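Q: Could you take me through one part of this model closely, following a single strand and what surrounds it? Please also say how far the prediction can be trusted there.

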Amino acid sequence: MNDNSQNRRESKRIKIRVPIEIEVEGGSGPIRGATADLSAGGCYVETMFPFPVGTTLDLKLQIENTLLVAASVVTCDPQVGNGIRFEKMLPEDREELHKYLEAREKDESKQAGAS
């Protein structure tokens, strides 16, 4: 049974912490953190000081390589974090993200089958 927010997602989110660097236009420098979950179309980042909905972000996702992503804030949970949608990414970065997520999903299903 999924909640309604799950139904709006285009791709499955995996609970995984991936290092992320966030740049905001006109910001004072990068903000470093980690994803709480990640999908091909976006991620959730926990932060005490979330950005307002509609904020445009430049992200660096650290998986095997560094992926550069143009993104926007789609949800803002005060003192919790932001839902972020990936807007633009190089085709090779998008492909690498898909492969990374597929590998993590296989790992998850192996672990679920073992328990």
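A: A good place to begin is a single pair of residues: Pro19 stands opposite Ala34 in S2, and Ile20 stands opposite Gly33 in that strand. These pairs belong to the antiparallel pairing of strand S1, residues 19-24, with strand S2, residues 31-38, which extends over 4 bridges. The two strands form a hairpin with 6 residues between them, and in its turn Gly26 has a positive phi of about 80 degrees.

On leaving S2, the chain passes through 3 residues into another hairpin, which joins S2 to S3. Strand S3 covers residues 42-46 and runs antiparallel to S2, with 3 bridges between them; here Asp37 has Tyr44 in S3 as its bridge partner.

S2 therefore sits between S1 and S3 in a closed barrel of 6 strands, whose order is S1-S2-S3-S6-S5-S4 and whose pairing is antiparallel. From one strand to the next, the twist averages 45 degrees. Helix H2, residues 91-114, packs on the sheet and touches S2 as well as strand S5 (66-77) and strand S6 (81-89), while its direction makes about 130 degrees with that of S6.

As to trust, this is a predicted model, with a mean pLDDT of 89 for the chain and 90% of its residues at 70 or more. Among the elements of the chain, S6 has the highest mean pLDDT, 98, whereas helix H1, residues 4-8, has the lowest, 44. Over residues 1-7 the pLDDT is below 50, and this stretch has 1 contact in the model beyond near neighbours in sequence. Where pLDDT is low, predicted coordinates should not be read in detail.

Methods
Residues are numbered from 1 along each chain as its sequence is written. This is a predicted model: local features need pLDDT of at least 70, side-chain atom pairs count only at pLDDT 80 or more; totals for chains, interfaces and linings use all residues. Side-chain values use heavy atoms; hydrogens and water are left out. Axes are lines fitted to C-alpha atoms, for helices over the stretch in contact, and angles run from 0 to 180 degrees between N-to-C directions. Contact means heavy atoms within 4.5 Å. pLDDT is the predictor's confidence in each residue, from 0 to 100.
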